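Trainee: I would like to learn how to read helix packing, aromatic pairs and burial in a model. Could you take me through one case?

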Amino acid sequence: MNGQVLERGAAQADGAAAGYRAGRTLTYATEFARQWRRKRTQLALGFMVVLPIILLLAFELGGSDDDGRSGRGQFSQLSDAAISGGLNFAMFALFVSASFLLVVVVALFHGDTVASEASWGSLRYLLAVPVPRARLLGIKLAVALSYSALAILTLLGTALLLGTLRYGWHPLQSGIAAEIPPGEGMLRLLATAGFLGINMLVVAGLAFLLSVLTDAPLGAVGGAVLLYIVSSILDQITALGELRNFLPTHFAQAYLGLLTTPMQFDDIIKGTISAVCYFAAFCALAFYRFSRKDVVS
């Protein structure tokens, strides 16, 4: 009897308590549900639904404006084509969201994930469960990436549905190429959304790193957005020459190559490699810093 009690209470060979399994702590499903219940998650995803509605109302109430359209470049061409079908409306919604809205949403999901736990004082209790530090960061990163992808898909799906119901199912028109049949246009639309998601990895990695470095969620989110904007501004300075190729935002609009005939993949490939490299570097720094951080909050 005593032997059985001692056996049940004995530690494992690695020093952990009997029955403890690190892989069972803070599962992906648990963290996903925790984040789903947060107001900022619901509001961010909700706005992905509201934005296409706002755009649709703007087109319906704004009427036509033929004055001053020349010189507005690619934005003017996509804007003019937005009411030509559901595919065009969805493409326009992605276009107007890519430079700021998606940046803020992705930064929110990643910059808030660790810093918020520290600001609430719950981070140390998670580690005391104990949840291994690498597992905690890995799960939180996976959930943040999942919600970022869900936000892009929600925006795309809502815009495509509303645009198709209002403007019909017609070929994709980009203004820089011939009309693209609906089937192929749908594939190009999905490819565009996919590249935008990959490009947002730069924001995700940066916000995640800042979330580990600070206990202020707004500081992590705002810092990532600010640095992304600064990179975008620097990319406009042609005097930097080849140095612009190393800026994380240099290939942000490479998805326009998917709208040409034939498609142009050079910048898309370069942009993908750049985004993945930046993301890997930022995440590696985040894991390194967190593994050595003295968590007191």
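Mentor: What follows is a walk through the chain as a whole, then a helix pair, some aromatic rings and two prolines. This is a predicted model, in which local features need pLDDT of at least 70 and side-chain atom pairs count only at pLDDT 80 or more, while totals for chains, interfaces and linings use all residues. Residues are numbered from 1 along each chain as its sequence is written, and side-chain values use heavy atoms, with hydrogens and water left out.

Trainee: How many helices and strands are there in the protein chain?

Mentor: Helices (H or I, at least four residues) and strands (E, at least two) are DSSP runs, numbered from the N terminus. In this protein chain there are 13 helices and zero strands. Buried means under 20% relative accessible area, exposed over 50%, and partly exposed in between, with a 1.4 Å probe and protein chains only; of the 297 residues, 44% count as buried. Contact means heavy atoms within 4.5 Å, and among the contacts with a separation of 6 or more, 78% come from residues 24 or more positions apart.

Trainee: How do the axes of α6 and α9 cross?

Mentor: Axes are lines fitted to C-alpha atoms, for helices over the stretch in contact, and angles run from 0 to 180 degrees between N-to-C directions. Angles under 35 degrees count as roughly parallel, over 145 as roughly antiparallel, 65 to 115 as roughly perpendicular and the rest as oblique. Here the axes of helix α6 (residues 101–111) and helix α9 (residues 133–167) come within 8 Å and cross at roughly 155°, and α6 and α9 are therefore roughly antiparallel to each other.

Trainee: Which residues meet in α6 and α9?

Mentor: From α6, Leu102, Val105, Val106, Phe109 and His110 take part, and they meet a set in α9 that includes Leu141, Leu145, Tyr147, Ser148 and Leu155. Ala, Val, Leu, Ile, Met, Phe, Trp, Tyr, Cys and Pro count as nonpolar, Asp, Glu, Lys and Arg as charged, and the others, Gly among them, as polar. The residues of the contact of α6 with α9 divide into 11 nonpolar, two polar and no charged.

Trainee: How many aromatic pairs does the count come to?

Mentor: Rings of Phe, Tyr and Trp (its six-membered ring) pair if their centres lie within 6.5 Å, and planes under 30 degrees apart count as stacked, over 60 as edge-to-face and the rest as tilted. The count comes to 10 aromatic pairs. In one of them, the rings of Phe32 and Tyr147 have centres 4.4 Å apart and planes at 10°, so the pair is stacked. Phe32 lies in helix α2 (residues 28–36) and Tyr147 in helix α9, so this pair ties together parts that are 115 residues apart in sequence. Phe32 is partly exposed at 27% relative accessibility, whereas Tyr147 is buried at 1%. The rings of Phe89 and Tyr167, with centres 6.0 Å apart and planes at 50°, form a tilted pair, and both residues are buried. Tyr28, Phe32, Trp36, Phe109 and Tyr147 form one aromatic cluster.

Trainee: Where are Pro262 and Pro182 found?

Mentor: Pro262 is found in the loop between α12 (217–235) and α13 (266–291), and the peptide bond from Thr261 to Pro262 is cis, with omega near 0°. Pro182 is found in helix α10 (residues 182–199) and is partly exposed, with a relative accessible area of 21%. Not counting residues up to four places away in sequence, Pro182 touches Leu87, Trp169, His170 and Pro171.
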